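Welcome! Take a moment to look over the sequence and turn the 3D view around before you read on.

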Amino acid sequence: MRYRLTFAAGLVLGYVLGTRAGRERYEQLKKSAMQLAQNPAVRNTAETAAHQGREFAGKAYHAVSDKVGDRMPDSVAQRVRTLRERTAHGSGEDDWGTSNT
């Protein structure tokens, strides 16, 4: 799916950059893209996909850190322990104080 989206984005970009239709066609495409981006269904789908990606990344993080935790250098192992404690306490903030939601 990611490759299809990348291909489609490249196709659109190539068309926009290579078109001879001029500024009017570019503005029309830009307006259509903005309308698509503001569509509630598209926004909900993108938000759901991002949420699922965060969940999957969290599961993968725990699975990998459990398997390689003993083989990591001490500095990396300490960072992992800190992240686990932060996740367990549910602070939900990253190093810059912003939310990871």
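Here is a short briefing on the helices, the surface and one pocket.

The model you are looking at is predicted. The protein is built from four helices and has zero strands, so reading from the N terminus on, you meet the elements in the order α-α-α-α.

**Helices**
- Start with helix α1, which covers residues 2–18. Its 17 residues should span 24 Å because each residue is expected to add 1.5 Å, and the end C-alpha atoms of α1 are indeed 24 Å apart.
- Next, find helix α3, residues 40–68, with 29 residues. From its first C-alpha to its last, α3 reaches 42 Å, close to the 42 Å expected at 1.5 Å a residue.
- Look at the N-terminal end of α3, where Asn-39 acts as a cap. A side-chain oxygen of Asn-39 lies 2.9 Å from the backbone nitrogen of Ala-41.

**Surface and burial**
- Of the 101 residues in the protein, buried ones make up 4%.
- Helix α1 is hardly covered, and its count of buried residues is zero.
- The accessible surface of the protein comes to about 8,900 Å², and carbon and sulfur atoms account for 59% of that area.

**The second largest pocket**
- This pocket holds about 160 Å³ of space.
- Its lining is made of Leu-5, Ala-8, Ala-9, Val-12 and Leu-36.
- Which helix gives the most to this lining? Helix α1 does, with four residues.
- Sorted by class, the lining has five nonpolar residues, no polar ones and no charged ones.
- A handy rule to keep in mind: an α-helix has 3.6 residues a turn, so residues three or four places apart point the same way.

Technical notes
Residues are numbered from 1 along each chain as its sequence is written. This is a predicted model: local features need pLDDT of at least 70, side-chain atom pairs count only at pLDDT 80 or more; totals for chains, interfaces and linings use all residues. Side-chain values use heavy atoms; hydrogens and water are left out. On a 1 Å grid over the protein atoms alone, a cavity is a set of points where a 1.4 Å probe fits but cannot get out, and a pocket is an open set with protein on both sides within 12 Å along at least five of seven lines; lining residues have an atom within 4 Å of a point. Grid points are joined across faces, edges and corners, and a volume is the space filled by probe spheres set on the points. Helices (H or I, at least four residues) and strands (E, at least two) are DSSP runs, numbered from the N terminus. Ala, Val, Leu, Ile, Met, Phe, Trp, Tyr, Cys and Pro count as nonpolar, Asp, Glu, Lys and Arg as charged, and the others, Gly among them, as polar. The expected span of a helix is 1.5 Å times one less than its number of residues. A polar contact is a pair of N or O atoms within 3.5 Å; within protein, one must be able to donate a hydrogen and the other to accept it, and residues adjacent in sequence count only if both atoms are side-chain atoms. Buried means under 20% relative accessible area, exposed over 50%, partly exposed in between (1.4 Å probe, protein chains only). Accessible areas come from the Shrake-Rupley method with a 1.4 Å probe; for residues, only the protein chains shown count as cover.
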